[in-house]
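Subject: Structure handover, with notes

Hello,

Here is the structure I promised to pass on to you. Please open it alongside this email, and the notes below will take you through what turned up.

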Amino acid sequence: MKQKKTFIVRGMDCASCALTIERALKEMPELSSTNVNYATEKAVVESSDMIDGEKIIAKVKDKTGYELVEEQSLAPSHEGHQMGGPASAEAPAGEHDHAKMLKQEEIKKLWNKFFIGAVLSGIIIFLSLPDYFPFIADFLPRSARFFLLMILATPVEFWVGKQFWISSWASIKRWNVSMDTLVALGTGAAYFSGVAITFLEVANMQSQIKLDVYFDVAAVVITLVILGKYLEAKAKGSASEAIKKLLKLQAKTAHLLHEGKHEMEVPIEEVKAGDILIVKPGEKIPVDGIIIEGVATLDESMVTGESLPVDKKEGDAVIGATINKTSSFKMKATKVGKDSFLSQIVAMVEAAQASRAPIQKLADLVVSYFVPAVLIMAAATFVIWLIFGESQALSFALVNSIAVLVVACPCAMGLATPTSIMVGTGKAAEHGIIIRDAEALELAGKVDAVVLDKTGTITKGEPSVTDVVAFLEDDKNKVVQYAASLEKLSEHPIAQSVVAYAASLGSLSSHPLDKAVKAAAERKQLYAVKNFSAIPGQGIEGDVATDKGDKKLFFGNAALMQSKKIDISTKQELIEKLENDGKTLLLLADNQVLLGIIAVADTIKPTAKEAIQKLRSLGLEVWLITGDNERTARAIAQIVGIDKVMARVLPQDKANKIKELQARGKKVAMVGDGINDAPALTQADVGIAIGTGTDIAIESADITLVAGDPLGVANAIMISRKTLTNIKQNLFWAFIYNILLIPVAAGIFWPLWGILLNPILAGAAMAFSSLSVVLNSLRLKKIKL
């Protein structure tokens, strides 16, 4: 079983820093998977063995100089918890509180540095412009002014910009370079050249060519970069807001029924699986559980995205953090702490946000070569202008090489993908769409065909008997009794509907299945069955112990009748009529003749037709896949607006149908909810599971729709497409920014049009290029579905 650990990375300033840390982690053979995400500022590692967190922290510190802090629960433990030990229900919140404290500390420190840097930089700029303020020269001689500028610039360079120097030194010691190296070299060149010129001026050793100092460049660039980091950190916090919203949903206390008698209010972390709780009107459901007494109407919109209230009765499952809108009820806690539905959603969203999309590989490749290339370009710029520059060639060469160093921004490229992924997956989670990872999100944006399983996706998956036809003795109850006797051993929804109908003693009204089955058993309406056998894709058979002795019976579809050589041609007109109404027919026969027909129909979901229209408006090819016969499938498809149908598809053949579409060059999304959908969900480019379905279907899926609403399919694809477009916009502007501004900074346009890029403007451009990428990503929060 794989183990996973997450670490908060402190002091990571750029995308190349993330790659440096990841390379260090990959040197550890015991780790099977490593991922360092610049946008989330986290490192996630996996191993098949126990993970030694301290060893990983020491390795990264030694190899890169960066500090890792293991993300762990700070919440107190409580005895009696399930899941193999103390596991607080507040565990996820505890983890995030830890991360939040570190982030707030970092943001506060950046603001303080910016404020002091801005004040000192303002004074430095003022003192650096004697031509504009002639009175400065009256009370400050040139040498004194240079010396004062040096004194003022020193704390900006080495205290405000301390992180860049520490990171650069750690990188250089290990023959690595990063954006911090560029900032340190650029501002350092301006600062130390200024120091040299200052001492020459003070010693009156400057030649007739009076060189000027660039302390203003050093101070202002450092201050602007710190401002960019501050705004970027704030914007990143906004990008991860979805998780914060989810964590705030959790109830703080619960009404515990102590020893089944006394009601007492306890903190949520003291609730354990098996506890009996009372939930009153207007309160949040404290944990996941099952209603054991009472009824209620719940608002589940905060976790499913479904706006309409949901009625719940005894035996129904309830989700922690949803709101009880009506009456009080008793519930039994089933899942608490890390096993709860809310905690699992948070974990899945976090995992998606920390994952790496395939489209990011290009950016990572460029970033890995980018900083060394910029260093070479800066050196070439200095040499070329020193040789070919006119008067003041040294100053000209210095200013242009500094501009090249400070304008280059690998961070914008590094942030382009992960920030969009953070916001896109967060936006999806707000609408009850849980995307497993960045790759799934990217692939969903490229899908051009959607295959929808009928049962549980287009229909509710709650079939009920609509018609019973008896052919021999005209005894409908006997047909139902025989059929239910065979079906009582099956868990299939259609089988349960037949058993429930039998328990209703012939009534055509619907009955809760669990109560109906119990009632049938109590009244002993059903016969014993021997030699029972299920025939995949066709039906069932068995020897039914009737009052007149054992009777061999077959119950299933037309294919079963054909295989048993039962003639149904005389009833074909009736069969076609029922199937054209979208009903599924179950035929009952003995060894010789057809005894009767039971017609079953499933209710189409209210939003199914709208969902299909939305999918088609997105230009998608929509297919319906079902085990039903062609006529029944076409009838359902026509109602919801689907014109492409795959009928009579056996469960084991669904994956092959997906392969056929893929062989035609289609990028396919498969939507399903049942155990037999799992292979097809895995085979599809993107598997989308309806959240009301089975755990195995959800486990096999790339995307889960919590509410089970088919509209979520279109919404998921729309969010994925817009996120993919957003990523491409970010990458385009990040690349174009660097491609255009680095040559300008090098002075390529100076001979033609006299255009140069002032290092201060270069620093401002660099600082705000990363911010612009984050702000563009935040536009995804405004997607209208």
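Which residues of helix α21 (residues 572-580) are buried? They are I575, L578 and E579. Please keep in mind throughout that this is a predicted model.

Let me stay with α21 for a moment. The arc that its buried residues cover around the axis is only 100 degrees, which puts them on the same side of α21. As a reminder, an α-helix has 3.6 residues a turn, so residues three or four places apart point the same way. If you look at the other side of α21, you will find E573 and K577, which are exposed. And what lies over the buried residues of α21? The cover includes three strands, β16 (464-470), β20 (584-589) and β21 (594-601), together with α23 (630-640). After α21 comes G582, with a positive phi near 80 degrees.

One of those covering strands deserves a stop of its own. Strand β16 contains A470, which is buried because its relative accessible area, 12%, is under the 20% cut-off. Apart from its neighbours within four places in sequence, A470 is in contact with D475, K476, V479, L595 and G596. There is also a C-alpha distance to note here: A470 and V480 are 10 residues apart along the chain, and their C-alpha atoms are separated by 9.3 Å.

Now for the overall picture. The protein has 785 residues, and 55% of them count as buried. Its secondary structure comes to 29 helices and 26 strands. Taking the contacts with a separation of 6 or more, 69% are between residues 24 or more positions apart. The accessible surface is about 35000 Å², and carbon and sulfur atoms account for 57% of it.

Next, two helix pairs.

The first to look up is helix α12 (residues 360-388) with helix α13 (residues 393-407). They pack at an angle of about 165 degrees, and their axes are 8 Å apart. That angle is over 145 degrees, so α12 is roughly antiparallel to α13. The crossing in which α12 passes α13 is right-handed. On the α12 side, the residues that meet α13 include V374, L375, M377, F382 and W385. On the α13 side, those that meet α12 include A393, L394, F396, N400 and V404.

The other pair is helix α22 (residues 608-617) with α27 (residues 711-746). Here the packing angle is about 25 degrees and the axes are 7 Å apart. An angle of that kind is under 35 degrees, and α22 and α27 are therefore roughly parallel to each other. Their crossing is left-handed. From α22, the residues E610, A611, K614 and L615 take part, and they meet L711, V713, A714, N715, I717 and M718 in α27.

While you have α27 on screen, have a look at T723, which is in that helix. Is T723 buried or exposed? At 0% relative accessibility, T723 counts as buried. Leaving out neighbours within four places in sequence, T723 is in contact with S420, I421, G424, L441 and L780.

Helix α18 (residues 493-503) is another one to find. How many of its 11 residues are buried? The number is 9, so α18 is largely enclosed by the rest of the structure. Among the buried residues of α18 are I494, V498, V499 and Y501.

Finally, a word on backbone angles. Most residues other than glycine have a negative phi, and most peptide bonds are trans. Two residues here that are not glycine have a positive phi: A321, near 85 degrees, and N531, near 55 degrees. A321 is found in the loop between β11 (317-318) and β12 (323-324), whereas N531 is in strand β17 (residues 529-535). Their surroundings can be set side by side as well. A321 is buried, with a relative accessible area of 2%, while N531 counts as exposed at 54% relative accessibility.

Enjoy exploring the model, and do write back with any questions.

Best wishes

Key: Residues numbered from 1 in each chain as written. Predicted model: local features only at pLDDT ≥ 70, side-chain atom pairs only at ≥ 80, totals over all residues. Heavy atoms only, no water. Buried < 20%, exposed > 50% of the residue type's maximum accessible area, 1.4 Å probe, protein only. Helix = DSSP H or I, 4+ residues; strand = E, 2+ residues; numbered from the N terminus. Arc of directions from axis to C-beta. Contact = heavy atoms within 4.5 Å. Areas by Shrake-Rupley, 256 points an atom, 1.4 Å probe, with all protein chains shown as cover. Axes fitted to C-alpha atoms, helices over the stretch in contact; angles between N-to-C directions. Parallel < 35°, antiparallel > 145°, perpendicular 65-115°, else oblique. Left-handed = near helix turned anticlockwise from the far one by under 90°.
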